[in-house]
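Subject: Structure handover

Hello,

Here is the structure I said I would pass on. My notes on what was found in it follow below.

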Amino acid sequence: MTSPSAPPTISQAPPIRDHLPALDSLRGLAVLLVLWHHLPDDLFGPLAAAVGFAIRPGYLGVDIFFVLSGFLITRILLFDRARGASLGTFFKRRFARIFPVYYLTLLVVGLWQPGSYILWAALDLCNFYYAVEKTPFPRWSTLGRSPWRSISTWAGPSSCTR
């Protein structure tokens with residue numbers, strides 16, 4: 001018999017599914033809301049622009065992603081804890097999953113538009129770039145939007161543009 005404070009063993013850990021199909025529709029909705037935010041305001045007429053202004057679809061989509069991420073990460077952490085895995089194991093898996101794609105993206109953008117801002121973005125210090133360089137990140141698209149809206153990993157749509 002185990003004591004009440006002892007962590008459960010692997011055989012006692014509840015089963016976990018890697019994929020929850022019920023969340024796919026929420027993910028799809030979040031993607032559509034974020035894409036809607038990036039469409040030109042006048043594409044579907046003034047009514048669609050007014051509705052978009054009222055519900056702020058990009059922010060709503062990002063909020064849905066944050067809620068889903070929080071739920072899934074908490075679920076993984078609780079499952080790992082029940083299996084007896086350490087928190088370090090979780091962070092190693094997250095690092096191995098996220099950072100290769102992040103740095104590949106920075107490499108591609110750096111080759112496309114070289115500049116010192118790439119180092120700032122690689123270190124996730126784009127807000128300090130303004131203080132040191134006294135200039136916003138470069139803009140080069142025809143819409144006048146910076147690609148850093150897509151690359152910023154932690155902040156809202158205008159985190160690295162002014």
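In this predicted model, the side chains of R83 and D80 meet in a salt bridge, with 3.5 Å from N to O. Both residues belong to helix α3, where they are 3 residues apart, so about one helical turn separates them. The two ends of the pair are not covered alike: R83 is partly exposed, with a relative accessible area of 33%, whereas D80 is buried, at 5%. The cut-off for buried is under 20% relative accessible area, so D80 falls in that class.

D80 has a second partner. Its side chain also meets that of R93 in a salt bridge, at 2.5 Å from N to O. Here the two residues come from separate helices: R93 lies in helix α4 (residues 87–112) and D80 in helix α3, so this pair ties together parts that are 13 residues apart in sequence. With shared partners, the salt bridges join D80, R83 and R93 into one network. R93 counts as partly exposed, at 38% relative accessibility.

What else does D80 touch, not counting residues up to four places away in sequence? The residues are A85, F90 and R93, so R93 appears both as a contact and as a salt-bridge partner. Helix α3 itself covers residues 57–83.

As general background, side chains of opposite charge can pair when their charged atoms come close.

How many salt bridges does a search of the whole structure find? The number is 3. Besides the two that involve D80, described above, there is one between the side chains of R27 and D24, at 2.7 Å from N to O. R27 and D24 are 3 residues apart in helix α1, so they too are separated by about one helical turn. R27 is partly exposed, with a relative accessible area of 28%, and D24 is partly exposed as well, at 34%.

Helix α1 (residues 24–38) also takes part in a nonpolar patch on the surface, to which it gives the largest share, 3 residues. The patch is formed by V31, L32, L35 and F65, and together these residues have about 350 Å² of accessible area. V31, which is found in helix α1, is partly exposed, with a relative accessible area of 38%.

Another residue of helix α1 to look at is V34. At 21% relative accessibility, V34 counts as partly exposed; the cut-off for buried is under 20%, so V34 is not in that class. Leaving aside neighbours within four places in sequence, V34 is in contact with P57, G58, G61, V62 and F65. One of these contacts, F65, is also a member of the nonpolar patch. V34 and V62 are 28 residues apart in sequence, and their C-alpha atoms are 7.0 Å apart in space.

Next, helix α6 (residues 126–133). Which of its residues are buried? They are C126, Y129 and Y130. Seen down the helix axis, these buried residues fall within an arc of 100 degrees, so they line one face of α6. The buried residues pack against α5 (117–122). On the other side of α6, F128 and V132 are exposed.

Finally, some values for the chain as a whole. There are 7 helices and 0 strands, and from the N terminus on the elements run α-α-α-α-α-α-α. Of the 162 residues in the chain, 23% are buried. Among contacts with a separation of 6 or more, 50% are between residues 24 or more positions apart. The chain exposes about 11500 Å², and carbon and sulfur atoms supply 69% of that area.

If you want a place to start in the viewer, try D80 with its salt-bridge partners R83 and R93, then move to V34 in helix α1 and from there to the buried face of α6.

Regards

Terms used: Residues are numbered from 1 along each chain as its sequence is written. This is a predicted model: local features need pLDDT of at least 70, side-chain atom pairs count only at pLDDT 80 or more; totals for chains, interfaces and linings use all residues. Side-chain values use heavy atoms; hydrogens and water are left out. Buried means under 20% relative accessible area, exposed over 50%, partly exposed in between (1.4 Å probe, protein chains only). Helices (H or I, at least four residues) and strands (E, at least two) are DSSP runs, numbered from the N terminus. The arc is that of the directions from the helix axis to the C-beta atoms. Contact means heavy atoms within 4.5 Å. Patches are made of residues with over 30% relative accessible area and no salt bridge: like charges are joined within 9 Å, nonpolar side chains (Val, Leu, Ile, Met, Phe, Trp, Tyr) within 5 Å. Accessible areas come from the Shrake-Rupley method with a 1.4 Å probe; for residues, only the protein chains shown count as cover. A salt bridge is a side-chain nitrogen of Lys or Arg within 4 Å of a carboxyl oxygen of Asp or Glu.
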